[in-house]
Structures are given as structure tokens and as C-alpha cells.
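This report introduces one structure to a reader who has not met it before. It turns from a pocket to aromatic contacts and then to charged pairs.

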Amino acid sequence: MADERSVRSEKVKCQTSDMNVGEPSDGRVVPMKDPNKSKAPLAEGPEGRRSTKENIEQTTTLRTQSRDGVMSGLNGVREAARKDKRCRFTALLHHVRVELLRESYFALKRNAASGVDEVTWRQYGENLEDQLVQLHERVHRGTYRAQPSRRTYIQKEDGRERPLGIASLEDKIVQQAIVTVLNSIYEEDFVGFSYGFRPGRSQHQALDALWMGITRRKVGWILDGDIRGFFDMINHAWLMKFLEHRIADRRVLRLIQKWFRAGVSEEGQWSATTVGTPQGAVISPLLANIYLHYVLDLWANQWRKVQATGDVIIVRYADDFVVGFEDRAEATRFLKELGDRLRAFALELHPEKTRLIEFGRFASSDRWKRGEGKPETFNFLGFTHYCGKYKKSDRFVVGRKTVRKRWIAKLKAIRETLFQRRHEPVMETGIWLKSVVQGYFNYHAVPGNLDCLDEFRTQIIRHWLAALRRRSQKSRLTWKRYRVLIDQWIPHARSMHPYPFVRFTAKI
């Protein structure tokens, strides 16, 4: 029986779709030219981390022939998706086997908050194999029921709260398995300038692509775009239509609808969710990428190929995107048509966070000739981008430094934690502080940003000293004694990333 299932998993069932994948703002359906002809989705021209799995410590006994069978079956799906962009897959759920559910369990965060079931990762793992077998049977019999997401909130930089939906552990496992299956299809469809929450792609790759696009293409204007409340405004009906372009397996579609209909639970009160997908759910990033793939990516890709007369670059990470233009009039026309396009699919641009600014290699000189100030800056993925010059020459360079608000917020959070931990053993606090600071440097230590990081380290040193001196009023910690702790526990700022043209050229 096991061998029969293994053979069956190798087969890929699909039917040619009569649907087209691009929809213009007037609601009509038009065929779209596939942007990816290569075996894997590449970045475009001067534009392209695997979403890191938290738990890679799976025992070697799990990497068996059964696992190879799962991967082999998904390779067949991937190959079919690559060869036929109109193929609709009619048999996908049989790829969700116990082996894939096990891998999905180990891919989850071990210390993540529990959902309404109050089951933690470790509690579920105490009887893992029996739990997974039962879960597998319920999924395939159709008796699996999604539970409501537990609503919680996190503080945003502007003082507002961002709602999160924490799914139950079994929902997370099944969602992770479905993501693995669907990724084998959609990674063959997604365009090159989409970077958010995709296997093998990272925020720094998006930053590299943007840097390369601005410096190597004729870019004079930047559209810094943001979609208002995107995750909360996703239209379920449109999303299901988009999924049906590729997915004809009604069982998979019903699973996704179950998660939509499960609703949210807040302080014991259940409420339905008619729009949006919970931020924090395992499957939400993939569904968001699929939605924007059809609403934004395919449309923008066709726009720049058909309607644009000058250079146009695009980099998108989730709902944040940057579009560069050679000509202002073309940028203005794109912005207007983009607003119409998004409204047709129940989305809108954020009026305060969406800006069109003059930016590029000639922006400083052109503005100086007109008697205007320095070019404006824009923020993307935690960095403020500005028009700069190399120190040893007058050549244009895209400067990048940590966004000031994030810099201040991070320092404030570390300072508060240091004062809370001031009576704990110095070694324990030092281990924690070293990890936090090094993690901050790992992301922000890009070329040109070391001055910000040096100042960040200086402030950390001052805050920890102030906290240590509050431990006792009898003895005062001197700088000479404190210097030993600094050298041991607070890392120095150094560049952790190469210049974008080095890494981008090597990858693309």
C-alpha cells in the first residue's frame, strides 16, 4: 500500500485552464506573457533568502525514502507548472502525507505563542507520531476543522497597534504543508522583482536589486508605494478566483476557505472574518503574494513592457514596493493608473506613505540648478535611501542608513530591558546583550551605514553602564572595570554585507 501511494504521488494531474491570468482595471481578462522563462525565478535585469525555517534540527532518521518520495512528487508538480503556465492542478492534497506534516511541524517556531487550543510546540511533540497520523486522516477524510485565530496586538512605530492572528498548532502544521505544496507551483509563476516571503529570497536581495536598479538604469524619479492595511483588506472572493487559475483540487481550496471562515477569537468572543488574512498565520504571506501577483505584479510588468517609453524598475517586498522611472510624466501616469487598478480589487494606496520624489544620479544637480534643496529620501526595508557620492570621487551612489525612528525605538527597547535585568548576573545579561546587538548588526551593517552602527554601539554602552550603576549605591562601577565588560560582550560594528554590485552580480 505504501509503495502504491508512493507511485501515485509521482504522478501530476492537471488540466489546461481556459482562464487567463491577468485582469485589467475594467474587469476584463487578458492573457499575460509569462515573465519567467528560466528554470527558477530570477531577478530581472538589475532587480531578485529563503524564508528561514526555524527548526532545522530534525533527526537524521526522518530523512528517509518516504521523504524523498514527497520531494520527488513535488518536483513533478514543479516541472509541470514550469512547462505549462495554464495548467490547473487537480490532485494536490495527496502530497500532504505524514512525512510532509512532520517536516512542517519541525519548520515551526518552537517558542511561538499558542493559539486558542493553548497547545505549545513541545506539548504537541510529546506524542508526535500518533498526533500526525490522526491529523493526516482527518485532513484526507474531510473531517479536519480549522480553529479560530487568537487575536493579539503588537505596538507599531507610530503608536498604533497591529492586529495579529495566532493559529492553533495543528492549523499551523497543515498550513505549512499546504504552503510547501503550493510553493512548488507558484515559485514558477512569480515574477523576478517579487522578494517578500519567498524561498531563497531575502530582504537584502531586494535591497541589492533596488540599489542596482537605481545606479545602473536611467532612474530620475522614485515612486515609494505602500498599500493601506493590505493584509486586512484582501478580498476573499478575488483571492479564490486567483487561486483557481492554478488550483483545481477542490479539497485544497476548501481547506483555504475553512481558514477564512474560522474567524478570530478575542477575549473569548468569536467574530467572523469576511475580508483579510490574519497577519501571523503561516499561510498568509503566500496568499498575499498570490493576490499581489495577479493584482500588481503581472499588471506592472506588462505596463512597463507595453506602455513605458523609458526605463522602469520595480522591487516589491510584501505590500511595500518601489518603482523607479526615467521620466516624471510617465511616473505620474503610472501612479494614477495604479490607483485605479488597486481600487478594482478592493485595495488602495496609503495617501501618506505613497510618494513620488525626484531621485537618481542627476537629481542633486538638477535641483541645484533650479535653486531647490537636496533630493528627498525614501524608506524601504528599514533603511533610508538618499542620493550620495563616493568619498574618493564625485560619482553618484545610493546611500543607505538605518531609519531614524527604528534606530531610536530599538535603543529604547534595549534600554528598558537592561534596567529590568540590572539585578541579574552580569554574565547572563552580557550574553543576552551580545546576541541582540550582533543580531541588529547582522541586518543593518551594510556598506555606508557604519557611522549609524557606531553611534548605536556607543549608546548601548552608556545605557548598560547606567543600568549597572543602579545595582547598588555603595560601590560605583568605574570605566576601567566596565571596559572589560565592553570588550567581552558588546561587539564592534563592522560591515556584514558586500556592496550590492558584488553580491548581485555573483547571484544574477
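Helices and strands are here runs assigned by DSSP, a helix having at least four residues and a strand at least two, and both are numbered from the N terminus. The model is a predicted one.

**The second largest pocket**

The second largest pocket has a volume of about 420 Å³. It is lined by 17 residues, and those closest to its centre are Lys-389, Lys-391, Pro-447, Gly-448 and Tyr-499. Strand 12 (383-389), strand 13 (396-402) and helix 16 (450-469) each contribute at least two residues to the lining of this pocket. Strand 13 gives the most, with four residues. By residue character, the lining of the second largest pocket comprises nine nonpolar, four polar and four charged residues.

**Aromatic contacts**

There are 26 aromatic pairs in the structure. In one of them, the ring centres of Trp-238 and Phe-345 are 4.6 Å apart and the planes stand at 65°, so the pair is edge-to-face. Trp-238 belongs to helix 9 (residues 236-244), while Phe-345 lies in the loop between helix 12 (328-343) and strand 10 (355-358), so the pair ties together parts that are 107 residues apart in sequence. Phe-345 has a relative accessible area of 1% and is therefore buried.

A further pair is formed by Trp-303 and Phe-325, whose ring centres are 6.5 Å apart; their planes meet at 90°, so this pair too is edge-to-face. Trp-303 is in helix 11 (residues 284-306) and Phe-325 is in strand 9 (residues 320-325), so that the pair links distant parts of the chain, 22 residues apart. Trp-303 is buried because its relative accessibility, 1%, is under the limit of 20%. Phe-325 is likewise buried, at 0% relative accessible area.

Trp-238 and Phe-345 also belong to one aromatic cluster, together with Phe-230, Phe-231, Phe-242, Tyr-291 and Tyr-294. Charged side chains meet aromatic rings as well. The charged end of Lys-241 sits over the ring of Trp-238, 4.8 Å from its centre. Lys-401 lies over the face of Tyr-386, at 5.6 Å from the ring centre.

**Salt bridges**

The count of salt bridges comes to 24. Three of them are set out below.

| Salt bridge | Closest N to O distance |
|---|---|
| Glu-188 and Arg-82 | 3.3 Å |
| Arg-367 and Glu-358 | 3.6 Å |
| Glu-424 and Arg-421 | 3.1 Å |

What is the setting of the partners Glu-424 and Arg-421, buried or partly exposed? Glu-424 counts as partly exposed, with a relative accessibility of 28%, whereas Arg-421 is buried, with a relative accessible area of 18%. The cut-off explains this contrast, because buried means under 20% relative accessible area.

In the salt bridge between Arg-367 and Glu-358, both residues are buried. Glu-188 and Arg-82 are both buried as well. The salt bridge of Glu-188 with Arg-82 links distant parts of the chain: Glu-188 is in the loop between helix 6 (169-186) and helix 7 (203-216), and Arg-82 is in helix 2 (residues 65-83), 106 residues apart. Glu-188 and Arg-82 are also members of one network with Glu-79 and Lys-83, joined by salt bridges that share partners.

Conventions. Residues are numbered from 1 along each chain as its sequence is written. This is a predicted model: local features need pLDDT of at least 70, side-chain atom pairs count only at pLDDT 80 or more; totals for chains, interfaces and linings use all residues. Side-chain values use heavy atoms; hydrogens and water are left out. On a 1 Å grid over the protein atoms alone, a cavity is a set of points where a 1.4 Å probe fits but cannot get out, and a pocket is an open set with protein on both sides within 12 Å along at least five of seven lines; lining residues have an atom within 4 Å of a point. Grid points are joined across faces, edges and corners, and a volume is the space filled by probe spheres set on the points. Ala, Val, Leu, Ile, Met, Phe, Trp, Tyr, Cys and Pro count as nonpolar, Asp, Glu, Lys and Arg as charged, and the others, Gly among them, as polar. Rings of Phe, Tyr and Trp (its six-membered ring) pair if their centres lie within 6.5 Å; planes under 30 degrees apart count as stacked, over 60 as edge-to-face and the rest as tilted. Buried means under 20% relative accessible area, exposed over 50%, partly exposed in between (1.4 Å probe, protein chains only). A charge sits over a ring if NZ of Lys or CZ of Arg is within 6 Å of the ring centre and within 35 degrees of the ring normal. A salt bridge is a side-chain nitrogen of Lys or Arg within 4 Å of a carboxyl oxygen of Asp or Glu.
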